Amino acid sequence: MRILYQLLVVLFVVFQAAAGQRHFPGRFNSCAARNGICMPGLCRRPFYWAGTCSNGLSCCKKYVEV
């Protein structure tokens, strides 16, 4: 009977950890989602820095005048 309580605790921990994970179908590129491109080094004109890509490169967006 004691093993059932331990099994219940293990299942609770596994399901609790699985509920907090995010799943993206395929490879998710947050820079592309922001309409940017990944470039090595600093962003040069006409681009400006918008963040960091998943591989450590700079996420650059094209400057658009309004």
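A search of the whole structure, which is a predicted model, finds three disulfides. A disulfide is a covalent bond between the sulfur atoms of two cysteines. When the bonded cysteines of the chain are numbered in sequence order, the pairing reads 1-5, 2-4, 3-6. The table sets out the sulfur distances, and the text after it takes each link in turn.

| Disulfide | S to S distance |
|---|---|
| Cys-31 and Cys-59 | 2.0 Å |
| Cys-38 and Cys-53 | 2.1 Å |
| Cys-43 and Cys-60 | 1.9 Å |

**The three links**

The disulfide of Cys-31 and Cys-59 has 90° about its S-S bond and is right-handed. Cys-31 belongs to helix H2 (residues 30–33) and Cys-59 to strand E3 (residues 58–62), so this pair ties together parts of the chain that are 28 residues apart in sequence. Both ends are shielded from solvent by the protein: Cys-31 counts as buried because its relative accessibility is 0%, a value under the 20% cut-off for buried residues, and Cys-59 is likewise buried, with a relative accessible area of 0%.

In the link of Cys-38 and Cys-53, the torsion about the S-S bond is about -105°, so this disulfide is left-handed. Cys-38 sits in strand E1 (residues 37–39), while Cys-53 sits in the loop between strand E2 (47–52) and E3, so the pair ties together parts that are 15 residues apart in sequence. The two ends fall into separate accessibility classes: Cys-38, at 31% relative accessibility, counts as partly exposed, whereas Cys-53, at 5%, counts as buried.

The link of Cys-43 and Cys-60 is left-handed, with -80° about the S-S bond. This pair links distant parts of the chain, since Cys-43 lies in the loop between E1 and E2 and Cys-60 lies in strand E3, 17 residues apart. Cys-43 counts as buried at 19% relative accessibility, because the class takes in values under 20%, and Cys-60 counts as buried at 1%.

**The chain and its elements**

The secondary structure of the chain comes to two helices and three strands, and from the N terminus on these elements run α-α-β-β-β. Buried residues make up 14% of the 66 residues in the chain. The mean pLDDT of the chain is 79, with 74% of its residues reaching 70 or more. Among the elements, H1 has the lowest mean pLDDT, at 74, and E3 has the highest, at 92, so the predictor's confidence, which pLDDT expresses on a scale from 0 to 100, should be kept in view when the helix is discussed below.

The UniProt record, in an unreviewed entry, places the feature "domain: Beta-defensin-like" at residues 30–61. Over residues 30–61 the chain is 12% helix and 41% strand, and the C-alpha atoms at the two ends of this stretch are 12 Å apart.

**The surface of helix H1**

Which residues make the nonpolar surface patch of about 400 Å²? The patch is made by Ile-3, Leu-4, Leu-7 and Leu-11. Of these, Leu-11 lies in helix H1, which covers residues 2–19. Leu-11 is partly exposed, with a relative accessible area of 38%, and it can be part of the patch because patches are made of residues with over 30% relative accessible area.

**Backbone details and the segment after E3**

Most residues other than glycine have a negative phi, and most peptide bonds are trans. Two places in this chain depart from that pattern. The peptide bond from Arg-45 to Pro-46 is cis, with omega near 5°, and Pro-46 is found in the loop between E1 and E2. Asn-35, a residue other than glycine, has a positive phi near 60°; Asn-35 is placed in the loop between H2 and E1 and counts as exposed at 66% relative accessibility.

Tyr-63 lies in the segment after E3 and is exposed, with a relative accessible area of 54%. Measuring from C-alpha to C-alpha, Tyr-63 and Trp-49 are 9.8 Å apart in space, while 14 residues separate them in sequence.

Key
Residues are numbered from 1 along each chain as its sequence is written. This is a predicted model: local features need pLDDT of at least 70, side-chain atom pairs count only at pLDDT 80 or more; totals for chains, interfaces and linings use all residues. Side-chain values use heavy atoms; hydrogens and water are left out. Patches are made of residues with over 30% relative accessible area and no salt bridge: like charges are joined within 9 Å, nonpolar side chains (Val, Leu, Ile, Met, Phe, Trp, Tyr) within 5 Å. Accessible areas come from the Shrake-Rupley method with a 1.4 Å probe; for residues, only the protein chains shown count as cover. A salt bridge is a side-chain nitrogen of Lys or Arg within 4 Å of a carboxyl oxygen of Asp or Glu. Helices (H or I, at least four residues) and strands (E, at least two) are DSSP runs, numbered from the N terminus. Buried means under 20% relative accessible area, exposed over 50%, partly exposed in between (1.4 Å probe, protein chains only). UniProt positions are given in the numbering used here, feature names are shortened, and annotations may be inferred rather than shown by experiment. A disulfide is a pair of cysteine sulfur atoms within 2.5 Å.
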